[in-house]
Amino acid sequence: MSGTGPVEPGEGTHDRGGPDAPRPAARRRGRPGRYYDRHRRAVLTTAAAVMTLAGGGYLYAGRPQPPPPPPPPHPSQAVDLDYLDAVPAPGDDFSFAVRLSVRSGPPVTVTRIDQPYAGISMTASPAAPFQTKTHSARKIIVTLRVTECAKAPRNLALPFLHVTLRNARAIQAHSFILGTHYAQDLSHAIEVACSNDSR
């Protein structure tokens, strides 16, 4: 073969891709196929969006969960009770001020204040129950009265107050030791109340 013309099919063969070649008959398609042919771009975009949302939902559902927040502290772990000083009181009563501070956690309610010594009665102002908010303090005036000198303690080394506390986590009865200043003031007040007294 020589020359520069187009390549011609050999014997027993024919050209399938020429411009005049007959096209294969169109396949018959149902209604969904016709819809897809007309709206192919919208269908593909919608399918891609659905797959993206499904994948994102799967990843979101499978993400690691943060640990739950720690529970609030027990009320006795969040509260300080400090002796401030003696305050004037009528007669032989002994009054003193304490400061209740809530350092952390939810608000704390004082449901009861008491002292453990026989022969002494006690009142507090404000009267329980009362609540103190977090990061705040409340001044409490406690008044003690010797009711029976024979049962009242003498020369106290570490006197304390019983305080019942409640917060969102628990209710606790706790004994607060108020320190040597309180011990000296209380011992002196008992001595004064019981000197020359027949109680």
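Trainee: In this predicted model, which residue in E7 is the bridge partner of Thr-109?

Mentor: Good place to start. Strands E3 and E7 run antiparallel and are joined by five bridges. In the bridge that involves Thr-109, the partner in E7 is Arg-166.

Trainee: What is the strand order of the open sheet of four strands?

Mentor: The pairing in this sheet is antiparallel. Its edge strands are E5 and E8 (171-177), each of which pairs on one side only. From one strand to the next, the twist averages 35 degrees. Read across the sheet, the order is E5-E3-E7-E8.

Trainee: Let's turn to the interior. Which element gives the most to the largest nonpolar core?

Mentor: A general point helps here: in soluble globular proteins, nonpolar side chains tend to be buried together. In this model, the largest nonpolar core has 33 residues. E1, E2, E3, E4, E6, E7 and H4 each supply at least two residues of this core. The element that gives the most, with six residues, is H4.

Trainee: Which residues does Tyr-182 touch, not counting residues up to four places away in sequence?

Mentor: Tyr-182 is listed with Phe-96, Leu-144, Leu-161 and Leu-178 as having the most contacts inside the largest nonpolar core. Leaving out residues up to four places away in sequence, Tyr-182 touches Tyr-83, Phe-94, Phe-96, Leu-144, Pro-159, Phe-160 and Leu-161.

Trainee: Now a polar side chain. Is Ser-101 buried or exposed?

Mentor: Ser-101 sits in strand E2. Its contacts, not counting residues up to four places away in sequence, are Ala-78, Val-79, Asp-80, Ser-136 and Ala-137. The relative accessibility of Ser-101 is 16%, and the cut-off for this class is under 20%, so Ser-101 counts as buried.

Trainee: On to charged pairs. How many salt bridges does a search of the whole structure find?

Mentor: Among them is the pair of Arg-99 and Asp-82, whose closest N and O atoms are 3.8 Å apart. This pair links distant parts of the chain, with Arg-99 in strand E2 (residues 94-102) and Asp-82 in strand E1 (residues 79-87), 17 residues apart. Over the whole structure, the search gives a total of six.

Trainee: Are Arg-99 and Asp-82 buried or exposed?

Mentor: The relative accessibility of Arg-99 is 35%, and the relative accessible area of Asp-82 is 31%. Buried means under 20% and exposed means over 50%, so neither label fits these two values. Arg-99 and Asp-82 are each partly exposed.

Trainee: How many residues apart in sequence are the parts that Glu-191 and Arg-154 tie together?

Mentor: These two form a salt bridge, with the closest N and O atoms 3.6 Å apart. Glu-191 lies in helix H4 (residues 180-194), while Arg-154 is in the loop between strand E6 (136-146) and strand E7 (160-166), so the separation of the parts in sequence is 37 residues.

Trainee: What is the distance between the closest N and O atoms of Glu-148 and Lys-151?

Mentor: Both partners are partly exposed: Glu-148 at 33% relative accessibility and Lys-151 with a relative accessible area of 48%. They form a salt bridge, and the distance between the closest N and O atoms is 4.0 Å.

Trainee: What is the geometry of the peptide bonds from Ser-125 to Pro-126 and from Ala-128 to Pro-129?

Mentor: As background, most peptide bonds are trans. Pro-126 is in the loop between strand E4 (120-125) and strand E5 (130-132), and Pro-129 is also found in the loop between E4 and E5. Omega is near 5 degrees for the bond from Ser-125 to Pro-126 and near 5 degrees for the bond from Ala-128 to Pro-129. The geometry is therefore cis.

Trainee: What is the phi of His-135 near?

Mentor: Most residues other than glycine have a negative phi. His-135 is found in the loop between E5 and E6, and is exposed, with a relative accessible area of 67%. Its phi is positive, near 60 degrees.

Trainee: Last one: where in the chain is confidence highest?

Mentor: The mean pLDDT of the chain is 84, and 84% of its residues reach 70 or more. Confidence is lowest in helix H1 (residues 31-38), at a mean of 72. The highest value, 95, belongs to strand E3 (residues 108-114).

Methods
Residues numbered from 1 in each chain as written. Predicted model: local features only at pLDDT ≥ 70, side-chain atom pairs only at ≥ 80, totals over all residues. Heavy atoms only, no water. Salt bridge = Lys/Arg side-chain N within 4 Å of Asp/Glu carboxyl O. Buried < 20%, exposed > 50% of the residue type's maximum accessible area, 1.4 Å probe, protein only. Contact = heavy atoms within 4.5 Å. pLDDT = per-residue confidence, 0-100. Pairing = 2+ DSSP bridges. Axes fitted to C-alpha atoms, helices over the stretch in contact; angles between N-to-C directions. Core = buried A, V, L, I, M, F, W, Y, C linked by side-chain atoms within 4.5 Å.
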